[in-house]
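Hi,

Here is the structure I said I would pass on. Have a look at it first, and my notes follow below.

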Amino acid sequence: MLPCAERVVASISRRLFRSYLSVSSRRRCNITAFMPEAAGFDGVSDRSTLQDFSVSNSEKFWAAAARHRLSWIRTFDAVRDCDLSRGKIKWFEGGKLNVSVNCLDRHVHTCPDKVALIWERDEPGSEVKVTYRSLLDMTCRLGNLLRRRGVKRGDCVTIYMPPCPMAVASMLACARIGAAHNVVFAGFSAEALSERIRDAQSSTVITVNQGVRGGKLVELKKTVDEAVQSCPTVQQVFVATRTENPVLMAARDVALDEYVFSYQDGDVFGCVADIGWITGHSYTVYGPLANGGTTVLFESTPIYPDPGRYWEMVQRLKINQFYGAPTAIRLLLKYGDQWVRKYDRSTLKTLGSVGEPINTEAWEWYHTVVGDGRCPVVDTWWQTETGGICISPKPSDPDAEIIPGMAMRPFFGIKPVLMDTEGNVQSSSDTSGALCIAQPWPGMARTIHNNHQRFIETYCQPHPGYFFTGDGAYCSKEGYYQITGRLDDVINVSGHRIGTAEIEDVVNQCPVVAESAVIGYAHDIKGEGVFAFAVLKQGVDTQYGDVSQQLKDTVSKKIAKYASPDHIQFVKRLPKTRSGKIMRRVLRKIVEGDLEGLGDLSTLDDPTAVQEIIQGNSELC
Ligand code: PRX
């Protein structure tokens, strides 16, 4: 049990019921207009009964969705054959389809000139639009080239490219010829890249000559050259052209030609995640394209050339759905509202958040400032392993209420359960526990490449018969879910278990704080003590001692005295992965004084942040 979760939720709920509830305007929609295949489902009349049906008749639900929404080369014989306790996950056996055909060809038949991709290049105002027809053309040509160059079904091609049409075409070309792709975030170092190439045993790498990010050139080809030195499997490197600068080409390098563009109006989906992360895979590339949508490929950073970049882009590209990470929202919040308000955001309909808990202050800013109080903020919970969104505010009711900071309701076909510390399913709501999913769904991970045993041990064995997510969650009495953080981020202070995210949420509500990270450390008396790292907002000129005391008092008041930080270290920035997740493990090691044990830092966004924190910590302690 996480006693404070209930209190945090109760306080948010009260505020919500004052300002965010919109129960009066519930619309009863025609279910077949939403999901035509639901016509064959007994007793399903609206989205909420559809949600129940999708869980209790999971096979029927997924079979109908698969038959109606995808083009099959050969239809499947069986819908599913799964046993979570043994890590056996098989869907649609006997069936055969090609995901690239589903993302491209069928839309080219109906709307060839619809814009598939809007490539939002680093320099604002230089966007490039690519139609479904052009993307198919590019994909086929690349697929043929890969095939001619010996890439075959089952091979794994490593793609080390920034978000750009050629990167998407590379992913789809691999899918087209039956090769797997291993997209490595183009900010990773040579060492991190070579490790991933070796892991995938790739013989082929696709990259660009140079990247451009935040006005700076990024030497991607040079990084690949360095990385492949320790990758004996690599035989060829395809190099696309992003800038006009020539790069050194070795015997194994093959230059890729560039392509044709055109334009047509349409709804624009703006997921700003890099394609190297699962969010970019599912919600920049495969999801929008499989649905015939127009998707934005964001090459730049949220603060280039200034902190108004996202909203200037929303205005210029007329983005309808914006999907980003809380870390970027917190960063932008620091710079103030003027960067948002100067741009027209009237095209926005929905604001999405993903990747980590969104603290209350960031949620409210996103909702009231960015969304002008009229766009719902959907805090979507999922993981790389789940493939797509699993818990989200509005899967089954477009007019449903949203509580800030809560992921709210399970998605179609998803049945979450919470386990207590003994491993029993919690039967009542208004409770906390380890978040598991009770039955399989088609998008879930089936294995870990070359290590199925590890898959079983990590996800199937902790709670046999259930998929274990590693996250903690709270479920309110209304059945709404709030993610409380990774289970290993729960600390035990004087016998009280508390998620560090809850303390961070309160610290972040302090007006001078931009963001924070809280960890537990060994404490002689309390078992674990609370150590907070806080980044102050830009331009805040204040006495650290005063702020420190103010933060401690606020946590005591809003949560409990035991949760109040024993130490607060003010830092310029937190150590984060390139996808924006705070590396709390590094902070723990610094506080423990175990600098030898910092571990793998190759995914760190800015290693100098760690040095600064080490220095500050030694002065503090
Ligand atoms: O701890 C959860 C957190 O991010 C983890 C998954 O990270 P990754 O596989 O990199 O995928 C990120 C994009 C889906 C989860 O186990 N997480 C993700 N979304 C949320 C979240 N934590 C709280 N609230 C969320 N909405």
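Let me start with the ligand. The residues of the shell around it split into eight polar, seven nonpolar and four charged. There are 19 residues surrounding the ligand, and the closest are Pro-357, Trp-381, Gln-383, Thr-384 and Ile-483. The elements that give two or more residues to this shell are helix α10 (278-290) and the strands β16 (377-380), β21 (467-475) and β22 (481-486). β21 provides the largest share, three residues. Do keep in mind that this is a predicted model.

Two of those strands turn up again in a sheet. β19, β20, β21 and β22 form an open, antiparallel sheet of four strands, in the order β19-β20-β21-β22. Its edge strands are β19 (416-419) and β22, each of which pairs on one side only. From one strand to the next, the twist averages 45°. If you want to look at one pair in detail, try β20 (residues 431-437) with β21: they are joined in the antiparallel sense over six bridges. Ser-432 is a handy place to begin, as it stands opposite Tyr-474 in β21.

There is also a parallel sheet to look at. This one is open too and has five strands, in the order β6-β5-β7-β10-β11. Here β6 (180-183) and β11 (253-255) are the edge strands, and each pairs on one side only. Neighbouring strands are turned by 25° against each other on average, direction ignored. At one end of the order, β10 (residues 236-240) and β11 pair in the parallel sense over three bridges. The bridge partner of Phe-238 in β11 is Val-254. Helix α9 (residues 220-228) lies across three strands of the model, β5 (156-160), β7 (204-208) and β10, and runs at about 155° to β7.

Now for helix α16 (residues 500-509). Is it mainly buried or exposed? Eight of its ten residues are buried, so to speak of it as mostly covered is fair. The buried ones are Thr-500, Ala-501, Glu-502, Ile-503, Glu-504, Asp-505, Val-506 and Val-507.

A few backbone details caught my eye. Most residues other than glycine have a negative phi, and most peptide bonds are trans. Which residues go against that here? Gln-201 is one of them, with a positive phi of about 50° although it is not a glycine. You will find Gln-201 in the loop between α8 (190-200) and β7. Gln-201 counts as partly exposed because it has 16 other C-beta atoms within 10 Å, and the partly exposed class sits between 12 or fewer for exposed and 20 or more for buried.

Asp-372 is another case, with a positive phi near 50° in a residue other than glycine. Asp-372 lies in the loop between α14 (360-370) and β16. It is partly exposed as well, since 13 other C-beta atoms lie within 10 Å of Asp-372.

As for the peptide bonds, a cis one joins Tyr-304 and Pro-305, with omega at about -5°. Pro-305 is found in the loop between β13 (294-298) and α11 (309-317).

One last item comes from a record. An unreviewed UniProt entry lists residues 50-103 as "domain: Acetyl-coenzyme A synthetase N-terminal". In the model, that span is 44% helix and 22% strand, and its end C-alpha atoms lie 26 Å apart.

Best wishes

How values were computed:
Residues numbered from 1 in each chain as written. Predicted model: local features only at pLDDT ≥ 70, side-chain atom pairs only at ≥ 80, totals over all residues. Near = placed C-beta within 6 Å. Nonpolar A, V, L, I, M, F, W, Y, C, P; charged D, E, K, R; others polar. UniProt positions renumbered as here; feature names shortened; annotations may be inferred. Pairing = 2+ DSSP bridges. Axes fitted to C-alpha atoms, helices over the stretch in contact; angles between N-to-C directions. Contact = placed C-beta atoms within 7 Å.
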